[in-house]
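Thanks for making the time this morning. I would like to take you through one model slowly, a piece at a time, and you are welcome to keep the picture open while I talk.

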Amino acid sequence: MQSSSLIREGEVFFRQWLRTPKSMGSVIPSSKYLARALAAEVAWHPGQYIVELGGGTGSITQGLIERGIPKDRLIVVELETHLFEYLRDRFPESRVIQGDATRLGEILARHDIGTVGTVISGLPVVGMPFEFQKAIVDQGMQAMHGKGNDDGFMLQYSYSPIAPLPAERLGLKVTRARYVLRNFPPAAVWKYTRA
Ligand SMILES: C[S@@+](CC[C@H](N)C(=O)[O-])C[C@H]1O[C@@H](n2cnc3c(N)ncnc32)[C@H](O)[C@@H]1O
């Protein structure tokens, strides 16, 4: 990415943070190193889709494309209008959808999306109500297991050394797949699988 585009991406992200700090969770986009680490953990087979929740300004989306996931197999769900419009312009060949990740099932059905390989969440989940966390996980897992991908798992990144979602209470197992120092703040990639 050109440095002027990077500056623009940072501006768009920061402006949205000023509007809705709680839904952003960070003041700057994820680094390319975090994007690469996440993309490396993704399981994808030809014909499947990858779902990204909370696309922001697209740093993780870009990492997925660089890893080789076909652009037209990427489903990016973003709640905030300004970010949705930015993402739609940045990734015209991908399916960028404005919507609430807690309603992922409806979104995928409406867009007739088939089998999903992995669901990645960049949503700020730490400190969120349990009902929100459960909706994200239930809908994300159902998007894979409900369509025949029984091994499907979710990836979530966070800035804390503690797993960001309460795995046991959610009926899941969690492992820390990666730790990325070259991000601000340093981030961990967590892998959630069925217990
Ligand atoms: C921490 S930012 C991550 C952005 C980007 N993935 C990155 O790593 O730079 C969280 C993103 O989740 C979006 N978001 C928050 N709640 C959401 C929801 N319920 N459904 C969809 N997107 C949501 C925010 O608008 C924001 O773009």
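**A walk through the sheet and its surroundings**

Let me begin in the middle of things, with strand β2, where both faces are covered: Leu74, Val76 and Glu78 on one side, and Ile75 and Val77 on the other, are all buried. Since five of the five residues of β2 are buried, the strand is largely enclosed by the rest of the structure. Before I go on, please keep in mind that this is a predicted model, and that what I describe was computed from it.

Which strand does β2 pair with in the parallel sense over four bridges? That partner is β1, and within this pairing Leu53 has Val77 of β2 as its bridge partner. For those of you who are new to this, strands of a sheet pair through backbone hydrogen bonds, and they can do so in a parallel or an antiparallel way.

If we now step back to the whole sheet, we find seven strands in an open arrangement, in the order β3-β2-β1-β4-β5-β7-β6, and the pairing is mixed. The strands at the edges are β3 and β6, the latter covering residues 172–180, and each of them pairs on one side only. From one strand to the next, the twist averages 20°.

Further along that order come β4, which is residues 116–121, and β5, which is residues 154–158, and these two pair in the parallel sense over three bridges. You can follow this residue by residue, because Ser121 stands opposite Gln156 in β5, while Ile120 has Leu155 of β5 as its bridge partner. Is β5 enclosed or open to the outside? Five of its five residues are buried, so β5 is largely enclosed by the rest of the structure. Met154, Gln156 and Ser158 point one way from the strand, Leu155 and Tyr157 point the other way, and all are buried.

Let me turn to the helices. Helix α3, residues 32–41, packs on the sheet and touches β4, β5, β6 and β7, and its direction makes about 140° with that of β6.

Helix α5, residues 81–90, gives us a small exercise in reasoning. Its buried residues are Leu83, Tyr86, Leu87 and Arg90. Why do these residues share one side of the helix? They cover an arc of only 95° around the axis, and that puts them on the same side of α5. On the other side of α5, by contrast, Thr81 and Asp89 are exposed. As for what covers the buried residues of α5, it includes helix α1 (3–19) together with strands β2 and β3, so we meet β2 again here.

Next, the loops, where I have picked out a few residues. Trp44 is found in the loop between α3 and β1. With 19 other C-beta atoms within 10 Å, Trp44 is partly exposed, because a residue needs 20 or more to be called buried. If we leave aside its neighbours within four places in sequence, Trp44 is in contact with Ile50, Ile69, Gly117 and Thr118. Trp44 and Arg73 are 29 residues apart along the chain, and their C-alpha atoms are separated by 9.8 Å.

Asp112 lies in the loop between α6 and β4, and it has a positive phi of about 55° although it is not a glycine. Asp112 has 6 C-beta neighbours inside 10 Å and therefore counts as exposed. In the loop between β6 and β7 we find Pro185, and the peptide bond leading to Pro185 from Phe184 is cis, with omega near -10°.

Glu106, which sits in helix α6, has 12 C-beta neighbours inside 10 Å and so counts as exposed too. Glu106 and Gln139 are 33 residues apart in sequence, and 9.2 Å apart in space from C-alpha to C-alpha.

I have kept the ligand for the end. Which of the 23 residues around the ligand come nearest? They are Ser30, Gly54, Gly56, Ala101 and Gly122. By type, the residues of this shell divide into ten nonpolar, ten polar and three charged. Among the elements, α2 (21–24), α4 (59–67) and β2 each supply at least two residues of the shell, and that brings us back to the strand where I began. Thank you for listening.

Methods. Residues numbered from 1 in each chain as written. Predicted model: local features only at pLDDT ≥ 70, side-chain atom pairs only at ≥ 80, totals over all residues. Near = placed C-beta within 6 Å. Nonpolar A, V, L, I, M, F, W, Y, C, P; charged D, E, K, R; others polar. Arc of directions from axis to C-beta. Contact = placed C-beta atoms within 7 Å. Pairing = 2+ DSSP bridges. Axes fitted to C-alpha atoms, helices over the stretch in contact; angles between N-to-C directions.
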